[in-house]
Each structure stands twice: as structure tokens, then as C-alpha cells.
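Let's take a walk through this protein together, one piece at a time. Have the sequence and the 3D view open, and follow along as we go.

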Amino acid sequence: MTKPSPQGRTVLRRRSWPVLCGIAVTALGIGMLSAVWKVTSVNGFRMGWQGIPVYLALAAILGRIVTCKVVLHEATLVVINPLRTHTIPRSALARAEVDDHGTLELHLHHDDKRIPSFAFGGSLVDRIKGTSEEAAHTITTWLNTPHPPTADLHTQTHWTCSPYADTALALCAATSAAGVLWMALSGGS
């Protein structure tokens, strides 16, 4: 779960996410190829190609899930969720705890705002392994560790950039547009 890196940062993520998503993308790819092959053999490629954008959309969703993690830097904590990334200065973070459903939540000093971490969302496996509690403990230790004073930083939220998922989504859109255009131009044949 914890992966220290040489740049003075620690990455917290479940090891199972990349493995499960890799297996799912591969299995869905094989399933998509066989479905396209089967539909094409019965109805022609005019109908068969439609499985390709569906696969790419599912790969984009799984790619977004794989990018989820929590990164501890010297002065900030970064929560990377599928759509939004939150950069939280150490001074703005009050505590890290696990809610009743097993999701890691980060509480800010200001209005006790909660930021959930999708990387440590509650799951059945987590009930056994306790990865959310382990992550909360690691964050609490990081928060309580003495550190040099830093400049006045503010909490920032922006869209998550995921090159794999964004590429898959762009290919999905391009394949869909090309397929629809091809079907419109080729008529009823």
C-alpha cells in the first residue's frame, strides 16, 4: 500500500487497483474482439464495429480508477480521485479518519469539510485487510511529524489528468464519430 519514492514523497494506494483493472481491461478487450468478430460474421462490420467504442469507454472508466491515490509531499497532501484532484496543505488538514463504510476521509480545519479518497473507498476486502485504516494512520503520522514552516498555501481543486483514460475516451469519441459518419455515408448497405 505505501510506496516511498526518492523525491521525498510517499504514495498511498491499494495494490489491488492496478492489478484488477489490468485484468479487467484485458478480459474486456478479449471479450470485445470476440463480440465484434461474432457480430461481424452474422451482420457484417456495419454492426460489429459498435463494440469498439463501448470497450474504449469502459477502459477509460477503469483507467480513471487506476489513477486514484493519495500522495504525501513535504508540505502538501494530494488526493487524486477519478475526476477531481485535491491539493491540501499540511496546515489546512485537521485529521484523517475512516467513516462507517470504510472510506478514508480527510477533514479540513475550515468548516470540517470532508474530502473522501476514492483510492480507499470502503470494500469487502478492506474490511479484512484494513487498508483504509492503515492509510489514515500513515497520514496522521505524517501530519504529526515535525516539519519546517512553509509558505502560506491554499487548498486547491482541479480536474484529474489521466493520460491513459483520456486517450481511451478520445479514441472512443473518434471511433464513434467515424463509425456514425461511415454508417450515414454508406446508407442502408
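Start with a single pair of residues: L106 has I115 in β8 as its bridge partner. Before we go on, keep in mind that this is a predicted model. That pair is part of a bigger connection, since β7 and β8 run antiparallel and are joined by 3 bridges. Between these two strands sits a hairpin stretch of 5 residues, where D111 takes a positive phi near 60°.

Now look at the other side of β7. Here β6 is joined to β7 by 5 bridges, and again the two run antiparallel. One spot to find on screen is R95, which stands opposite H107 in β7. The hairpin of β6 and β7 also has 5 residues between its strands, and in this one G102 takes a positive phi near 95°.

Put those pieces together and you get an open sheet of 3 strands, in the order β6-β7-β8, with antiparallel pairing. Which strands sit at the edges? They are β6 and β8 (114–116), each of which pairs on one side only. The sheet isn't perfectly flat-lined either: ignoring direction, neighbouring strands are turned by 25° against each other on average. Then there's a helix to add, as α5 packs on the sheet and touches β6 and β7. The direction of α5 makes about 160° with that of β6. As for what holds a sheet together in the first place, strands pair through backbone hydrogen bonds, either parallel or antiparallel.

Is β7 buried or exposed? It's mostly covered, with 5 of its 5 residues buried. You can check both faces: L104, L106 and L108 are buried on one side, and E105 and H107 are buried on the other.

Some of those names come back when we look at the largest nonpolar core, which has 21 residues. The members that touch the most other members are V70, L77, I88, L93, L104, L106 and I139. The elements giving two or more residues to this core are β3 (69–72), β4 (76–80), β6 (93–98), β7 (104–108) and α5 (131–144). Which of them gives the most? That's α5, with 5 residues. To get a feel for the crowd, click on V70: leaving aside residues up to four places away in sequence, V70 touches T10, V11, L12, L77, V78, L104, S117, F120 and I139.

Next, follow β4 into its own hairpin. β4 and β5 form one with 3 residues between them, and they pair in the antiparallel sense over 5 bridges. In this pairing, T76 has P89 in β5 as its bridge partner. Strand β5 (residues 84–89) is mostly covered, with 5 of its 6 residues buried. β5 also has another neighbour: 4 bridges join β5 to strand β9 (residues 156–159), and these two run antiparallel. On that side, T85 stands opposite H158 in β9.

Now for the helices. How do α1 and α3 lie against each other? The axes of helix α1 (residues 16–43) and helix α3 (residues 51–66) come within 10 Å and cross at roughly 180°. The two helices are therefore roughly antiparallel to each other. Where they meet, α1 brings W17, P18, C21, A24, V25, L28, G29, M32 and V36, while α3 brings G51, I52, Y55, L58, A59, L62, I65 and V66. What kinds of residues are these? They divide into 15 nonpolar, 2 polar and no charged.

Our last stop is A168, which you'll find in helix α6 (residues 163–186). A168 touches L56, A59 and A60, not counting residues up to four places away in sequence. Why does A168 count as buried? Because its relative accessible area is 6%, and buried means under 20%. To see how far we've come, jump to L93: the C-alpha atoms of A168 and L93 are separated by 35 Å, and the two residues are 75 apart along the chain.

Note on methods
Residues are numbered from 1 along each chain as its sequence is written. This is a predicted model: local features need pLDDT of at least 70, side-chain atom pairs count only at pLDDT 80 or more; totals for chains, interfaces and linings use all residues. Side-chain values use heavy atoms; hydrogens and water are left out. A nonpolar core is a set of buried Ala, Val, Leu, Ile, Met, Phe, Trp, Tyr and Cys residues joined through side-chain atoms within 4.5 Å. Buried means under 20% relative accessible area, exposed over 50%, partly exposed in between (1.4 Å probe, protein chains only). Contact means heavy atoms within 4.5 Å. Axes are lines fitted to C-alpha atoms, for helices over the stretch in contact, and angles run from 0 to 180 degrees between N-to-C directions. Angles under 35 degrees count as roughly parallel, over 145 as roughly antiparallel, 65 to 115 as roughly perpendicular and the rest as oblique. Ala, Val, Leu, Ile, Met, Phe, Trp, Tyr, Cys and Pro count as nonpolar, Asp, Glu, Lys and Arg as charged, and the others, Gly among them, as polar. Two strands pair if DSSP finds at least two bridges between them.
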